[in-house]
Amino acid sequence: MDIVQLINDIDAAVWGPPMIILLLGSHLFLTFRTGFIQRKLPKAIKLSVTKDPDAEGDISQFGALTTALSATIGTGNIVGVATAILAGGPGAVLWMWLTGVFGIATKYSETYAAVKYRVKDHNGNMLGGAMYAWRRAFEKDGKAPWWALIGAGAFALFAAIASFGIGSAVQSSAMTGIITSNMPGVPAWGIGLAIVIMVSIVIFGGIKIISKVCEKLIPFMAIAYAWGCIVIIGMNWDFVWPAICLICESAFTAKAAFGGAVGSGLMMALQFGCARGLFSNESGMGSAPIVASAATTRNPARQALVSMTGTFWDTVIICALTGIVLVSTMLANPGIMESGQISAGADLTSAAFASIPYIGTPILVFGMVLFAYTTILGWSYYGNRCITYLFGKRAIRPYQVLYVIVAFLGAIGIGDLVWTISDITNALMAVPNIIVVLLLSGLIARETKHYVWEDNLMEKDETPIPILENK
């Protein structure tokens with residue numbers, strides 16, 4: 001069997017109905033379990049720019065948020081939306097958006113668990129994530145049961161592997177594709193070398209350097225990209241409402257669009273909308289809680305609220321804007337699909353933005369390069385923490401070296417196949433993360449009622465944070 005076909009079949013299997021039910025079902029269940037925590041978004045946004053000095057942690061709450069956003073606001077918001085439209089039809093945009101709306105509750109819950117069960121290393125640095133939630137939440141007499149250790153190890157292993165795909169190769173491949181398509185004379189190896197240098201300078205400095213860079217870049221690039229999308233939507237104004245209608249209709253029917261070149265049914269729209277939605281906002285994957293555990297926060301609820309705003313900005317706002325830009329532009333310029341030159345998400349995105357005079361291509365190139373670069377930075381930290389859990393601190397430097405090598409390889413020749421592999425590893429790491437969050441949902445609901453709904457967010461959690469013996 002063709003290896004590409006085999007990987008596509010595996011992707012279809014892991015992203016079949018069981019995974020969609022687990023993902024969307026968890027989003028809905030945790031939304032109800034937390035009392036519709038989405039209602040606290042205004043408060044959460046305010047907390048995200050509020051310092052919490054009277055607490056333990058390595059970086060600020062805003063630094064943790066922007067570092068997490070650096071890993072989530074990336075190619076999934078631009079090329080990923082286009083890939084979802086090509087594979088699942090315009091309706092996939094609605095499922096991406098709904099995955100984000102309800103995924104806010106999952107992002108809150110997984111972050112709460114990670115911060116509550118975080119530990120310190122021998123230097124006092126914070127460590128957290130689903131692997132530590134598995135170990136600490138179910139331990140008795142200082143020992144975790146075998147099944148909890150399996151859950152912890154599975155998450156750390158799949159997340160470490162995923163970091164090379166979603167965090168490194170996919171991003172560098174997307175950067176190279178967008179640059180070479182708009183600047184044909186630039187060699188791929190040169191772009192790859194530049195990526196390696198730019199990434200190495202930052203990631204070898206650790207989480208504090210990564211968070212400082214992300215604090216500066218993320219707000220600027222997100223606002224600039226959103227502004228550009230709004231300008232394009234204004235230029236396509238006559239096609240915006242038809243685009244929204246087409247997105248909604250295509251989410252539930254086998255509606256053909258753009259001359260039949262793009263059209264799909266409910267299951268395809270669901271599959272690719274949910275898969276790309278998870279790829280984009282990472283709610284349920286357990287990645288963002290890893291860096292959230294390093295935040296300075298007086299109780300788990302405060303950082304959980306801050307972290308959930310990441311899903312709001314990433315999917316509810318930026319992915320929605322991108323989807324409307326792409327579909328309205330395709331409606332305004334039907335020749336884009338009829339040219340026969342669109343075979344991948346990057347092609348569709350480039351063609352759609354290039355159809356906008358003057359600003360389209362610069363916005364796309366600028367947004368893609370910065371988004372992909374910061375995603376590489378954010379995911380390097382996730383993989384770093386997971387490798388540390390599995391093999392100890394001695395494995396950090398080899399991991400970082402391999403990480404930048406993979407980024408170079410992605411730049412010089414790995415195409416859309418990497419997206420498919422990343423979809424698979426995303427699903428595999430999401431499963432143990434979602435399971436532990438669901439197992440802890442009763443505790444999360446009780447403590448959320450105390451901290452959030454009974455207005456005790458200023459209360460300091462005095463529970464000692466254990467020091468983990470280093471391997």
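In which loop is the place of Phe36? Phe36 falls in the loop between helix H2 (17–33) and helix H3 (41–48), helices and strands being DSSP runs (H or I, at least four residues; E, at least two) numbered from the N terminus. The model is predicted, and local features need pLDDT of at least 70, side-chain atom pairs count only at pLDDT 80 or more, and totals for chains, interfaces and linings use all residues. Residues are numbered from 1 along each chain as its sequence is written, and side-chain values use heavy atoms, with hydrogens and water left out.

Most residues other than glycine have a negative phi. Phe36, although not a glycine, has a positive phi of about 55°. Its relative accessible area is 37%, so Phe36 is partly exposed; buried denotes under 20% relative accessible area, exposed over 50%, and partly exposed the range in between (1.4 Å probe, protein chains only). Asp455, likewise not a glycine, has a positive phi of about 60°. This residue lies in the segment after helix H20 (441–453), and Asp455 is exposed, with a relative accessible area of 63%.

Helix H7 (residues 130–137) packs with helix H8 (residues 146–182) at an angle of about 175°, the axes being 8 Å apart. Axes are lines fitted to C-alpha atoms, for helices over the stretch in contact, and angles between N-to-C directions run from 0 to 180 degrees. H7 and H8 are therefore roughly antiparallel to each other, a label for angles over 145 degrees (under 35, roughly parallel; 65 to 115, roughly perpendicular; the rest, oblique). From H7, Ala130, Met131, Trp134 and Arg135 meet Trp147, Ala148, Leu149, Gly151, Ala152, Phe155 and Ala156 of H8, where contact means heavy atoms within 4.5 Å. The residues of this contact comprise nine nonpolar, one polar and one charged; Ala, Val, Leu, Ile, Met, Phe, Trp, Tyr, Cys and Pro count as nonpolar, Asp, Glu, Lys and Arg as charged, and the others, Gly among them, as polar.

Aromatic pairs are rings of Phe, Tyr and Trp (its six-membered ring) with centres within 6.5 Å; planes under 30 degrees apart are stacked, over 60 edge-to-face, and the rest tilted. By this rule, eleven aromatic pairs are counted. One of them, Tyr132 with Tyr389, is edge-to-face, at 5.4 Å centre to centre and 85° between the planes. This pair links distant parts of the chain, with Tyr132 in helix H7 and Tyr389 in helix H17 (residues 360–391), 257 residues apart. Tyr132 is buried at 3% relative accessibility, and Tyr389 is buried with a relative accessible area of 10%. Phe312 and Trp313 also form an edge-to-face pair, with 5.0 Å between centres and 65° between planes. Phe312 is buried, at a relative accessible area of 18%, whereas Trp313 is partly exposed at 34%. In addition, Trp134, Phe138 and Trp147 form one aromatic cluster.

Asn433 is located in helix H19 (residues 417–439) and is buried, with a relative accessible area of 3%. Neighbours within four places in sequence aside, Asn433 is in contact with Glu110, Ala130, Phe155, Gly284, Met285 and Gly286. Val231, in helix H10 (residues 207–235), is partly exposed at 26% relative accessibility. The C-alpha atoms of Val231 and Ile359 are separated by 9.0 Å, the two residues being 128 residues apart along the chain.
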